[in-house]
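Here is a model to talk through, label by label. Have a look first, and then we'll ask what earns each feature its name.

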Amino acid sequence: MRIAIVGAGGHAKVVHEAAISSGIFEVVCFVDEGQAGGKLLETPINAEISTVENFIVAIGDNRVRKEIYDRYVAKGLVPVTIVHPRAYIAKTAQVGDGTVILAGVNVSTCATIGDNCIINTAATVEHDCVVESHSHVSVGVQMAGNCRIEEGALVGIGSTIIPGKTVGAWSVVGGGGVVVSDVGRETTVVGVPARPLAKLKTPGGF
């Protein structure tokens with residue numbers, strides 16, 4: 001299948017490798033207006049999608065990725081899902097359109113992943129977890145069973161979420177954080193255990 005990869009940065013290169021390794025896709029071009037006319041991995045960079053109808057958005061910023069994804073879908077273009085051949089997806093799991101699942105990922109029994117998500121290298125999405133659309137589960141994240149990542153949330157590299165906890169929509173879990181209680185909407189938490197930034201003690205504080 002001929003596809004365009006929207007984006008031309010580091011993440012786009014990783015998505016390209018996953019697409020080629022799958023044996024399913026031929027990457028016709030990258031799409032990045034600011035780099036149009038150049039090449040990445042010997043593949044042309046175009047300003048827009050023009051010669052194919054299938055695409056995936058390979059941009060890490062969740063809000064930007066959602067805006068571009070929604071715009072192309074509204075134009076009638078077709079998002080593709082890319083799964084690296086070294087990822088494991090349980091037969092009872094569900095994965096939405098336009099999502100990329102990279103090498104070493106484990107998506108376990110009855111897990112559900114929405115549209116336009118990034119499940120990054122070596123992440124674990126355990127049984128009955130839900131990752132809503134436009135979210136990013138970063139490299140090495142460990143999600144225990146029955147967790148929920150709401151729309152557009154970012155779970156930073158190496159973070160852990162204990163069983164049954166929710167990370168609210170458009171929230172951020174800082175790298176290495178351990179989520180032991182629910183995280184509200186549009187909240188940034190960091191640390192072990194993960195706490196909202198606004199509530200962290202300042203030096204000399206109480």
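Q: What sign does phi take at G76, just after α2?
A: Positive: this is a predicted model, and in it G76 has a phi of about 95 degrees, just after α2.

Q: How do you know what span to expect for helix α2?
A: Take 1.5 Å times one less than the number of residues. Helix α2 covers residues 62–74, which is 13 residues, and the expected span is 18 Å. From first C-alpha to last, α2 reaches 18 Å, so the two are close.

Q: What makes the contact between D61 and R63 at the start of α2 a polar one?
A: A side-chain oxygen of D61 comes to within 3.1 Å of the backbone nitrogen of R63. The cut-off for such an N or O pair is 3.5 Å, so the contact counts.

Q: Which residues of α2 are buried, and where do they sit around the axis?
A: The buried ones are N62, R65, I68, Y69 and Y72. They span an arc of only 135 degrees around the axis, so they are on the same side of α2.

Q: Why is Y72 called buried?
A: Its relative accessibility is 2%, and buried means under 20%. F55 gets the label too, because its relative accessibility is 1%.

Q: Why is the pair of F55 and Y69 called tilted?
A: Their ring centres are 6.1 Å apart, with 55 degrees between the planes. Centres within 6.5 Å make a pair, and planes neither under 30 nor over 60 degrees apart make it tilted. F55 is in strand β5 (residues 54–57) and Y69 in helix α2, so the pair ties together parts 14 residues apart in sequence.

Q: What about the rings of F55 and Y72?
A: The centres of F55 and Y72 are 5.4 Å apart and the planes at 55 degrees, so this pair is tilted. It ties strand β5 to helix α2, parts that are 17 residues apart in sequence. F55, Y69 and Y72 form one aromatic cluster.

Q: How do you know that R63 sits over the ring of W170?
A: The charged end of R63 is 4.3 Å from the ring centre of W170, and the limit is 6 Å, along with an angle within 35 degrees of the ring normal. R71 lies over the face of Y72, at 5.3 Å from the ring centre.

Q: What makes β7 and β25 the edges of the open sheet of 8 strands?
A: The order is β7-β10-β13-β16-β19-β22-β24-β25. β7 (82–83) and β25 (195–196) each have a single partner strand, so one side of each lacks a neighbour in the sheet.

Methods. Residues numbered from 1 in each chain as written. Predicted model: local features only at pLDDT ≥ 70, side-chain atom pairs only at ≥ 80, totals over all residues. Heavy atoms only, no water. Helix = DSSP H or I, 4+ residues; strand = E, 2+ residues; numbered from the N terminus. Buried < 20%, exposed > 50% of the residue type's maximum accessible area, 1.4 Å probe, protein only. Arc of directions from axis to C-beta. Polar contact = N/O pair within 3.5 Å; in protein donor to acceptor, adjacent residues only side chain to side chain. Pairing = 2+ DSSP bridges. Phe/Tyr/Trp six-rings, centres within 6.5 Å; stacked < 30°, edge-to-face > 60°.
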